[in-house]
Amino acid sequence: MSILKLLPVNKEMPMKKLLIVVPCYNEEEVLPSTLKTMSELLSKMISDKMVSPDSRVHFVDDGSADKTWEILTKACKKDKLFEASKLSRNFGQLGAMLSGIYDNEADLYCTIDSDLQDDPNCIIEMVAKIKNGCEIVYGVRKKRDSDVFLKRITAKLFYKTMALLGVKMIPNHSTFRMMTKRAVEELKKFPERNLFLPAMVPLVGFKSDMVYYDRSPRMAGQTKYSMRKLLA
């Protein structure tokens, strides 16, 4: 692991290239709304000089069988803020996220689900915390009221069990996070092949913080993350 040196915070630091990685699996119904939201958000951040003009939203098609890739290719031709890659098969959400992060160069990496139930406006707050010296910023749900009863109970049991086993995790945090390039480079050094990022990222170290948000209902379509996948 790298040794963290204490340096003064430079609030006038140069603008950083932000890459927002969005894994997609059979999301033809929700993508039109997602594309509009992400384009407006990143355009505003660039206009306000929060991030550099070469910042991008990178969509990863995780082996979709619907019109997801067709929609993404058309969107990339129309909007210069978008780019996309397509995996040869369905590798799962984690595999799609890591391919988007590891195969692209940026100063800041943010991962968010394509249904945008996690509040994308929090990305602005995440960048602000990075500028104040953080290397990792976690998106954390304020509450789980929108979950069904069984999911709420199993989530509490899961976090409690992990804590008893000595695993450091951020409760009510899943895939919505921002990491600097330095933090990502340290994550790459882990030898594990089957990574569980909510438990692995805190092991990277460095200064971290959290942003809190209310989870929104799905705009369209249905979740592709079944109970079987959650149990796995």
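Trainee: How do you know how many disulfides there are in the whole structure?

Mentor: A search of the whole structure turns up zero disulfides. Keep in mind that we're looking at a predicted model. To count, a pair of cysteine sulfur atoms has to sit within 2.5 Å, and the search finds zero such pairs.

Trainee: Why is Cys 24 called buried or exposed?

Mentor: Cys 24 has a relative accessible area of 1%. Buried means under 20%, so Cys 24 goes down as buried.

Trainee: And what makes Cys 76 buried, exposed or partly exposed?

Mentor: Its relative accessible area is 24%. Buried needs under 20% and exposed needs over 50%, so Cys 76 lands in between and is called partly exposed.

Trainee: Switching to the sheet, what is the strand order?

Mentor: It's an open sheet of seven strands, running E3-E2-E1-E4-E6-E5-E7 with mixed pairing.

Trainee: What makes a strand an edge strand here, and which ones are they?

Mentor: Strand E3 (82–86) and strand E7 (208–213) each pair on one side only, and those are the edge strands. From one strand to the next, the twist averages 20°.

Trainee: How do you know that E1 and E2 pair?

Mentor: Pairing takes at least two bridges, and six join strand E1 (residues 18–24) to strand E2 (residues 56–61), so they pair. The two strands run parallel. As for partners, Ile 20 is bridged to Val 57 in E2.

Trainee: Which strands does helix H2 lie across?

Mentor: Helix H2 (residues 68–78) lies across E1, E2 and E3, at about 145° to E3.

Technical notes: Residues are numbered from 1 along each chain as its sequence is written. This is a predicted model: local features need pLDDT of at least 70, side-chain atom pairs count only at pLDDT 80 or more; totals for chains, interfaces and linings use all residues. Side-chain values use heavy atoms; hydrogens and water are left out. Buried means under 20% relative accessible area, exposed over 50%, partly exposed in between (1.4 Å probe, protein chains only). Helices (H or I, at least four residues) and strands (E, at least two) are DSSP runs, numbered from the N terminus. Axes are lines fitted to C-alpha atoms, for helices over the stretch in contact, and angles run from 0 to 180 degrees between N-to-C directions. Contact means heavy atoms within 4.5 Å.
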